[in-house]
Amino acid sequence: MNKRTRFVILLAVLAICFVFLWPSISWYGRTPKEVQQLALGSTENIKNYAESKAAEDVRTIKELAKKDSSAVLDGEFAWLNKAAEKQYKTYGEKAPATMTVADVVKAYDSEYEFMDVIQSKYRDEILKAKRYYDNSVKLGLDLSGGMNVIVKADLDAALESQGDTVSSENAAEFKKEAMANAIENLTSRIDKFGLTSPVIRQQGEDRIYIEIPGAAQADAINTLIMGKGILNFRLSDMDATAAFQTYYLQHPASTFNAAGELMDPSIIPDDCEVFGVYRKDSYGLDERYDWLVVKKEIALDGKHVQSAEVRADQYTGQPQVAFNLDAEGTTIFGTFTSAHVGDYLAIVSDNKVKSNACIQDAINTGSVSLTGAFSQEEALNIKKVLQTAWLNVPLTVESQQVIGASLGDEAIHQGIMAIILGLSLILVFMFIFYKRSGFNAVVAQVLNLFMMFSILSAFNLTLTLSSIAGMILTIGMAVDANVLVFERIKEELRAGKSRPAAISMGFDNAFWAIMDSNITTFIAAIFLSWLGTGAIQGFAVSLAIGVVSSVFTALFVSRLMFDFETDVMHSKKVSIAWGIK
């Protein structure tokens, strides 16, 4: 391989590494703290924030237009001038030479459309930061602070609570379903709370591992874990819903305040309240797509639901959700449905509407079927909502560890100082012992660290204290490879070889010695990462990545730098030792 090809390969590798590392640079170096906090929240919280900010901006701009319609938007609203110009062009109209606040408002057909444009700006900014975070190097709990919790699910108690409704043959399947439902409930609660990127996974047969980075409050977390979802059935007011939706389209910015409360309660009947209608998005998170006005009075409490299943409609083959009620619930529901045939009934879970179906007949048997244009996935989601009422799995916190953010900051500082100190000492030693050739080793070390962080970012790996320890060990190992090469070059120079010949034979003769030592280390690191857990696994992964990158920089980059001095700078001598001229 000629030198030009090797140089092109090096540039390509560095460019790819920079692309991989850019999300981490953008997240940790270019994203403001307040935007980071928003991006780390749930998708629902991001949406609510963007809507409330857009509504607030629309109200501000409308007030400004009332006071002085000839005023010009500037500062934080200056971008709306260009957005309005584009809007005029889409209508085939010429934009005013001087864009006033009245012209900006006039560019949009409705307040809802104007608010949507502003909302999209907030949304795009936060989601862009969220994408940076998703593709960046993550900090473990020992660096970022936070807490981890292990929760035990009492599956035997959940099985006993079902009495004779679950046979012994189906006990294993019931426990599996109960565990999945418990994880689903915890995920929904913690995501609704807006906590930072939680990790929730099953551990063993009956335990749930929860890891929450950031400054989380232990009491609040315990309340979420031990709490139980609230499920009930309420009568929908479809006339009030239609009137509310019309009002909302006309006044989106002045319907709700920042707390999500109606600014004018008179727009819905006194005996009603308005909730969002939710469905699962592509990420499995609740996504609001509509509003529904329901009665405050609860028609049926969710505690009366005993079981739920998804099955196919015997006539249409479409998925339907069937659930059974206990004796008291059957009586209540029979009386209610008899009086409201033709009306709509909403399933409300934690103040979110998950389904709204028409009551087609009086239901006196206690066996209820929800039919509609459900997909299989939508039907399964409704089933999960119903399960929160009857599939009650007692949860207990088995262990809980809180790590303060100050400890994380101190650990990061110590890790960075260790890396800087290590590089500095290597720099001094290599310059003293190997003179100018030591500079090649130092450059190789810097590129080695750059490549390691790039690989961590590319695979969205987590950086912990043990990972930093692996990096520091890699620095020492990478220098060892350079030392082997330099010593072989010195031997060739002492034998009277020229600079090009000494460098070529030095690298060639040291190649297999370097490869043997690094291959054995890599094999050990792979087994440690495979068999180890926690800190051991983090150390092993970091070490494995460092072995690969250090071999590349020691044998490829360092060799290219020697060749550059020979061919471009026309060096005749090798500055590699005090006793060699």
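Two strands pair if DSSP finds at least two bridges between them. Keep that in mind as you work through this predicted model.

**Exercise 1.** Work out which strands lie at the edges of the sheet E8-E9-E12.

*Solution.* Start with the order: three strands form an open sheet, E8-E9-E12, with antiparallel pairing. Strand E8 (305-312) and strand E12 (367-370) each pair on one side only, which makes them the edge strands.

**Exercise 2.** Find how many bridges join E9 to E12, and which residue of E12 stands opposite Phe 323.

*Solution.* Look along strand E9 (residues 319-325): four bridges join this strand to E12. Phe 323 stands opposite Val 368 in E12. Now turn to E8, which is joined to E9 by seven bridges. There, Val 305 has Leu 325 in E9 as its bridge partner. E8 and E9 form a hairpin with six residues between them, and Gly 317 in the turn has a positive phi of about 80°.

**Exercise 3.** Explain why the salt bridge between Lys 152 and Asp 206 ties together parts that are apart in sequence, and decide whether Asp 206 is buried or exposed.

*Solution.* First, the contact: the two side chains meet in a salt bridge at 3.6 Å, N to O. Next, place the residues: Lys 152 lies in strand E2 (residues 146-153) and Asp 206 in the loop between strand E3 (199-203) and strand E4 (207-213), so the pair ties together parts that are 54 residues apart in sequence. Finally, the accessibility: buried means under 20% relative accessible area. Asp 206 has 18%, so Asp 206 is buried, whereas Lys 152, at 26%, counts as partly exposed.

Definitions and conventions
Residues numbered from 1 in each chain as written. Predicted model: local features only at pLDDT ≥ 70, side-chain atom pairs only at ≥ 80, totals over all residues. Heavy atoms only, no water. Helix = DSSP H or I, 4+ residues; strand = E, 2+ residues; numbered from the N terminus. Salt bridge = Lys/Arg side-chain N within 4 Å of Asp/Glu carboxyl O. Buried < 20%, exposed > 50% of the residue type's maximum accessible area, 1.4 Å probe, protein only.
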